[in-house]
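Here's a quick walk through this protein, one region at a time. Keep the viewer open and follow along.

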Amino acid sequence: MAALQVEMVDTTVVSPADRFPLFVELAGRASAPVALTSDHADDFRGRARTVALGAVALTRFRYQSLVGRRTPRLIRQADPEVFQVALTVSGRSSISASRRGAAIPVGDFTLIDWGRPHTLEHAGAAGGPDPAGAVTAVVPRTLLPLDPDRVAHLSAARMSGSDGPGLLLARHLHHVTGHPEQFRPADAPYLAEVTVSLISALLARHLDVEDRLPVDVRQRALLSQVRDFIERHLDDPALSPQLVADAHHVSLRTLHRLFQAEDETVAGLIRTRRLHRCRRELGDPLLRQQPVHLIARRWGFTDKAHFSRIFRAEYGLSPRAYRESHRGGSPPPD
């Protein structure tokens, strides 16, 4: 199956003298020209994976200490008219812009406006061997349904990545950049829309203008929230469309309408994701001693006959036959 367009850069595949220039060139293409310095410039070890989603680009970085300065001169040379949302994954990160400075701890976001001067510093954890790490999304200003001048006021602000839309955005960025092979090129436009919707929801919350977001943006953000809720509650036998609707303070009718353009209904999504979890555990050699019915029950299937029937309908084999067909192999991907 064809996968999303991905560009990988690993500086260790070239000579030490060429490593930092290679990373500088990558950084310029990923966002905009920036003056980069590093305490490890003589032997810079960095990796980056960029997933292209049309006009939106997601990148997962790991590198040693790095300082980036976007100066007025560089801005006059080229303004790409993009915002970048950056999630600190490891190390110590800080940013200063527009008379604001903030430390961005692991698990939090900041906004970078590439049309305005700023300084970004990122290094590995103090006293530890782990490098710095970040996941970023670059989005054209025109794609965000928010006033760009108001959004720019959030430049260098610290935004939580552990609750609300920030948590959903963090999980989305980790999933797409960590497992791009799970998606097809045809998924890119949809993934870009979800990315823009979640970024819009995050920024709108911090600007206190969530009610001004377009209906379609709010619906995509809600749909992502619902999918995340379902994924986290698959082991609850009581999980149902009604429970999902109640948890999100919407009517069951509104929830079903939210899924009208999706490939599955709410109940279908719950069933499919539960079956995927069971399939993975049945194919895991480390779980061979666990009875099939216990695995099924762990993922919300309390009726053994019903589970066996729908598993066979989905995968063409009974649960026991599927387990036997994967004897000695590695667990199938989720």
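## Strands β2 and β5

Let's start with a strand pair in what is a predicted model. β2 and β5 run antiparallel and are joined by three bridges, with β5 covering residues 66-70. If you want one spot to click on, try T37: its bridge partner in β5 is V67.

There's a helix here too. α1, made up of residues 16-30, lies across both β2 and β5, and its direction is at about 145° to that of β2.

## The open sheet

Zoom out a little and that pair turns out to belong to an open sheet of five strands. Reading across, the order is β2-β5-β10-β7-β8, with antiparallel pairing. The edges are β2 (35-37) and β8 (100-103), each of which pairs on one side only. On average, neighbouring strands in this sheet are turned by 10° against each other, ignoring direction.

## Q64, in the loop before β5

Go back to the loop that links β4 and β5 and you'll find Q64. Is Q64 buried or exposed? Its relative accessible area is 19%, under the 20% cut-off, so Q64 counts as buried.

The Q64 side chain reaches the backbone nitrogen of R45 at 2.7 Å. Setting aside neighbours within four places in sequence, Q64 is in contact with H40, D43, F44, R45 and H122.

## Two nonpolar cores

The largest nonpolar core holds 41 residues. The ones with the most contacts inside it are L4, L53, F109, L111, L169, I199 and L203. Strands that give two or more residues to this core are β3 (46-53), β4 (56-63), β6 (82-90), β9 (108-113) and β11 (132-140); the helices that do so are α4 (164-178), α5 (188-207) and α6 (215-232). Which element gives the most? That's α5, with twelve residues.

L169 is a handy residue to look at in this core. Leaving out neighbours within four places in sequence, L169 is in contact with V85, F109, T195, L198, I199 and L202. A second core, separate from that one, has 26 residues, among them L239, V266, I310 and Y322.

## The annotated stretch

For residues 224-325, UniProt lists "domain: HTH araC/xylS-type", in an unreviewed entry. In the model, this span is 65% helix and 0% strand. Its end C-alpha atoms lie 34 Å apart.

Technical notes
Residues numbered from 1 in each chain as written. Predicted model: local features only at pLDDT ≥ 70, side-chain atom pairs only at ≥ 80, totals over all residues. Heavy atoms only, no water. Pairing = 2+ DSSP bridges. Helix = DSSP H or I, 4+ residues; strand = E, 2+ residues; numbered from the N terminus. Axes fitted to C-alpha atoms, helices over the stretch in contact; angles between N-to-C directions. Contact = heavy atoms within 4.5 Å. UniProt positions renumbered as here; feature names shortened; annotations may be inferred. Core = buried A, V, L, I, M, F, W, Y, C linked by side-chain atoms within 4.5 Å. Buried < 20%, exposed > 50% of the residue type's maximum accessible area, 1.4 Å probe, protein only. Polar contact = N/O pair within 3.5 Å; in protein donor to acceptor, adjacent residues only side chain to side chain.
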